[in-house]
Amino acid sequence: MTWFGPARGMASQQGAPGGAAAGRAAGNDGLNHLAYLYDDERDYLSCLSAFVQAGLRNAEPVFVAVPDRRAALLREHLGTESPLLRYGAMAETGRNPARLIPELYVFVTDHAGQRVRYIGESIWPGRSDAELCEATRHEALLNLAFATAAVSIMCPYDVRGLGTSVVGRVQRTHPEILQAGRPRPATSYAGRGVVPAECEAPLPAPPADAQTLYYETSLRQVRDLVTSHSAALGMAADQITNLVIAAGEITANTLCHTSAGGRFWVWHTSEEIICQIQDQGWIADPLAGRQRRSPEDSGHGLWVVNQLCDLVEIRTSQASGTVIRLHMRRDGT
């Protein structure tokens, strides 16, 4: 992870995860990233099926990752027989949208030298505001992560089920829009990796009854606090272990890469337990935590955290430092 502190830091990591250019095929024109706005299920099935079938006719491997019920409909419609067609578990993997770019990168590198196609519906009705913001961040970062890769991406959006503000962000995170069968350039595309400003706004303050502590030289207090708070809620042992590891990874970065300490909070709702870490470091690489590094490299912390937590929110700048909020569902599902 590229994490800069006020007194000492690490060199910036640039480019796509592991160099997504590995997926580029000679003669192809790089990334195509299209938002598909739909309001009819039959049109949804027809459009996505046509996208998949066109890829298969061209011997282009296709990866389809859409949430639950729609995934079942597409499987029934398209079948599972083609060796070029792969399905992902969007509702599971995409619960934390930061896991989606690494998943797609694996597919791209598995088919190096070929153009591939990807359907990714990471934004769907019923997601929380925090999840929608992080999924929007994911959509913006796709343009950066796969800028030189031979990938055709279609991102469906249910315009009837999603709020107008969510649909409005599509224009800023996708270069092209498809609606009512007509593709057109996005009117306000913000550029590679540019996240809509409302998804970069400061996070709401922790509740007044959150447990909090300051850490400077040791992480034992942080680990003990997470363990006791989680155990009091009756969380499963593996969940407690995962959250302790995640909190430890983030707070360890404070001690490794800043000259000052940090502040830690933990609280819970009826559905999840939440940890927040704040320090004066800053993360320069927008793709940090979405890169699978080799075992010999350092900087695995945020990658590990993204794999363990149900959602990770990050707000970081050189001027204000970094706030990271970790979410884990209490039911473990």
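These are my notebook entries on pockets, one helix, aromatic pairs and a few loop residues in a predicted model.

**Entry 1: the largest pocket**

I began with the largest pocket, which holds about 640 Å³ of space. I looked up its lining and found 34 residues, with Arg137, Glu200, Ile314, Arg315 and Thr316 lying nearest the centre of the pocket. I then asked which elements each supply at least two residues of this lining. They are the helices α5 (129–145) and α9 (301–308), together with the strands β11 (272–279), β13 (311–317) and β14 (321–329). The largest share, 6 residues, comes from β13. Sorted by class, the lining of the largest pocket has 17 nonpolar, 9 polar and 8 charged residues.

**Entry 2: the second largest pocket**

I went on to the second largest pocket, for which I noted a volume of about 370 Å³. It is lined by 20 residues, and those closest to its centre are Ser128, Ala130, Glu272, Leu311 and His327. Two or more residues of this lining come from each of α5, β11, β13 and β14, and I noted that these four names also stand in my list for the largest pocket. How do the residues of this second lining divide by class? I wrote down 5 nonpolar, 4 polar and 11 charged residues.

**Entry 3: helix α1 and what follows it**

Next I checked the length of helix α1, which runs over residues 41–57. Its 17 residues, at 1.5 Å a residue, should span 24 Å, and because the C-alpha atoms at its ends are 24 Å apart, the expected span and the model agree.

At the N-terminal end of α1 I found a cap formed by aspartate 40, which has a side-chain oxygen 3.0 Å from the backbone nitrogen of arginine 42. I then listed the buried residues of the helix, which are Tyr44, Leu45, Cys47, Leu48, Ser49, Phe51, Val52, Ala54 and Gly55. I kept a general rule beside this list: an α-helix has 3.6 residues a turn, so residues three or four places apart point the same way.

After α1 comes alanine 59, which sits in the loop between α1 and β3. Is alanine 59 buried, partly exposed or exposed? I recorded it as partly exposed, because its relative accessible area is 43% and partly exposed covers the values between 20% and 50%.

**Entry 4: positive phi values**

Alanine 59 has a phi near 60°, which is a positive value in a residue other than glycine. I marked this for a general reason: most residues other than glycine have a negative phi. Alanine 180 also went into this entry, since its phi is positive too, near 55°. Alanine 180 lies in the loop between β7 (176–179) and β8 (182–185), and at 68% relative accessibility it counts as exposed.

**Entry 5: aromatic pairs**

I looked for aromatic pairs and found that the structure holds 4 of them. One that I followed up joins phenylalanine 63 and tyrosine 118, whose ring centres are 5.6 Å apart and whose planes meet at 45°, a tilted arrangement. Phenylalanine 63 lies in strand β3 (residues 62–65) and tyrosine 118 in strand β5 (residues 116–120), so this pair ties together parts that are 55 residues apart in sequence. Phenylalanine 63 counts as buried at 3% relative accessibility, and tyrosine 118 is buried as well, with a relative accessible area of 2%. I also noted a cluster in which ring pairs link Tyr36, Tyr38 and Tyr44, and Tyr44 had already appeared among the buried residues of α1.

**Entry 6: the loop between β12 and α9**

In the loop between β12 (282–283) and α9 I looked up glutamine 291 and arginine 293. Glutamine 291 counts as buried at 8% relative accessibility, and its side chain makes a polar contact of 3.3 Å with the side chain of aspartate 285. Arginine 293 is buried too, with a relative accessible area of 15%. From arginine 293 to tryptophan 303 is 10 residues along the chain, and their C-alpha atoms are separated by 8.7 Å.

**Entry 7: glycine 234**

My last search was for glycine 234, which I found in the loop between α7 (220–232) and α8 (237–257). Is glycine 234 buried or exposed? At 61% relative accessibility it counts as exposed. I also noted that glycine 234 and aspartate 331 are 97 residues apart in sequence, while their C-alpha atoms are 9.7 Å apart in space.

Key. Residues numbered from 1 in each chain as written. Predicted model: local features only at pLDDT ≥ 70, side-chain atom pairs only at ≥ 80, totals over all residues. Heavy atoms only, no water. 1 Å grid on protein atoms, 1.4 Å probe; cavity = no way out; pocket = protein on both sides within 12 Å on 5 of 7 lines; lining within 4 Å. Points joined across faces, edges and corners; volume = space filled by probe spheres on them. Nonpolar A, V, L, I, M, F, W, Y, C, P; charged D, E, K, R; others polar. Buried < 20%, exposed > 50% of the residue type's maximum accessible area, 1.4 Å probe, protein only. Polar contact = N/O pair within 3.5 Å; in protein donor to acceptor, adjacent residues only side chain to side chain. Expected span 1.5 Å × (residues − 1). Phe/Tyr/Trp six-rings, centres within 6.5 Å; stacked < 30°, edge-to-face > 60°.
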